[in-house]
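Here's a quick briefing to read with the model open beside you. Take a look at the fold, then work through the points below.

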Amino acid sequence: MDQLKRLLTNKYYPLTEVKKMEDEFYNLAVKGNDLKTYIRRFQELAVLCPNMVPNAEKLLEVFISGLPRSIEGNVTAQSNPQTLGKPST
């Protein structure tokens, strides 16, 4: 399965395209107050390039870094986030 994935990636996502996605991923930020678009694109890039971050903690760190300071402070100070999943009720 890994070999098939590698072949498909090489054919449809050449290294230049992967590099562009990685750059976008690490520089992605909320534009205005459009959190929905930010979250959707972040999730797309995380799925398309799963090897960009070594673990869930780093993934969360990259996600938070793209948030506006006002939201970033609330997320890190109040919720002590552990994952990107939905909060349990």
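How exposed is Lys-19, in relative accessibility? Lys-19 comes out at 46%, so it counts as partly exposed. Bear in mind that this is a predicted model. The protein chain has five helices and zero strands, and much of what follows deals with helix α2 and its neighbours.

**Overall picture**
- Going from the N terminus, the elements of the protein chain read α-α-α-α-α.
- Of the 89 residues in the protein chain, 21% are buried.
- Take the contacts in the protein chain with a separation of 6 or more: residues 24 or more positions apart account for 49% of them.

**Salt bridges inside α2**
- Searching the whole structure turns up five salt bridges.
- In general, side chains of opposite charge can pair when their charged atoms come close.
- Lys-19 pairs up with Asp-23 in a salt bridge, with the closest N and O atoms 3.0 Å apart.
- Both Lys-19 and Asp-23 sit in helix α2, four residues apart, or about one turn of the helix.
- Asp-23 has a relative accessible area of 35%, so Asp-23 is partly exposed, too.
- Glu-17 and Lys-20 also meet through their side chains in a salt bridge, at 3.4 Å from N to O.
- Why are Glu-17 and Lys-20 separated by about one helical turn? Because they are three residues apart in helix α2, which covers residues 15-27.
- As a rule, an α-helix has 3.6 residues a turn, so residues three or four places apart point the same way.
- Glu-17 is partly exposed at 34% relative accessibility, while Lys-20 is exposed, with a relative accessible area of 52%.

**A link from α2 to α3**
- The side chains of Glu-24 and Arg-41 form a salt bridge, at 2.8 Å from N to O.
- Glu-24 is in helix α2 and Arg-41 is in helix α3 (residues 35-48), so this pair ties together parts that are 17 residues apart in sequence.
- Salt bridges with shared partners join Glu-24, Arg-41 and Glu-44 into one network.
- Glu-24 is partly exposed, with a relative accessible area of 30%, and Arg-41 is partly exposed as well, at 24%.

**The two sides of α2**
- What span should the 13 residues of α2 have, at 1.5 Å a residue? The expected value is 18 Å, and the end C-alpha atoms of α2 are 18 Å apart, which agrees.
- Val-18, Met-21 and Phe-25 are the buried residues of α2.
- These buried residues cover an arc of only 60° around the axis, so they fall on the same side of α2.
- Turned away from that buried side is a face of α2 with the exposed residues Thr-16, Lys-20 and Asn-27.
- What do the buried residues of α2 pack against? Their packing partners are α3 and α4 (56-65).

**How α3 meets α4**
- The axes of α3 and α4 come within 11 Å, crossing at roughly 145°.
- The crossing in which α3 passes α4 is right-handed.
- On the α3 side, the contact is made by Tyr-38, Ile-39, Phe-42 and Ala-46.
- On the α4 side, Leu-59, Val-62 and Phe-63 make the contact.

Technical notes:
Residues are numbered from 1 along each chain as its sequence is written. This is a predicted model: local features need pLDDT of at least 70, side-chain atom pairs count only at pLDDT 80 or more; totals for chains, interfaces and linings use all residues. Side-chain values use heavy atoms; hydrogens and water are left out. A salt bridge is a side-chain nitrogen of Lys or Arg within 4 Å of a carboxyl oxygen of Asp or Glu. Buried means under 20% relative accessible area, exposed over 50%, partly exposed in between (1.4 Å probe, protein chains only). The expected span of a helix is 1.5 Å times one less than its number of residues. The arc is that of the directions from the helix axis to the C-beta atoms. Contact means heavy atoms within 4.5 Å. Axes are lines fitted to C-alpha atoms, for helices over the stretch in contact, and angles run from 0 to 180 degrees between N-to-C directions. A crossing is left-handed if the near helix is turned anticlockwise from the far one by less than a right angle, and right-handed if clockwise.
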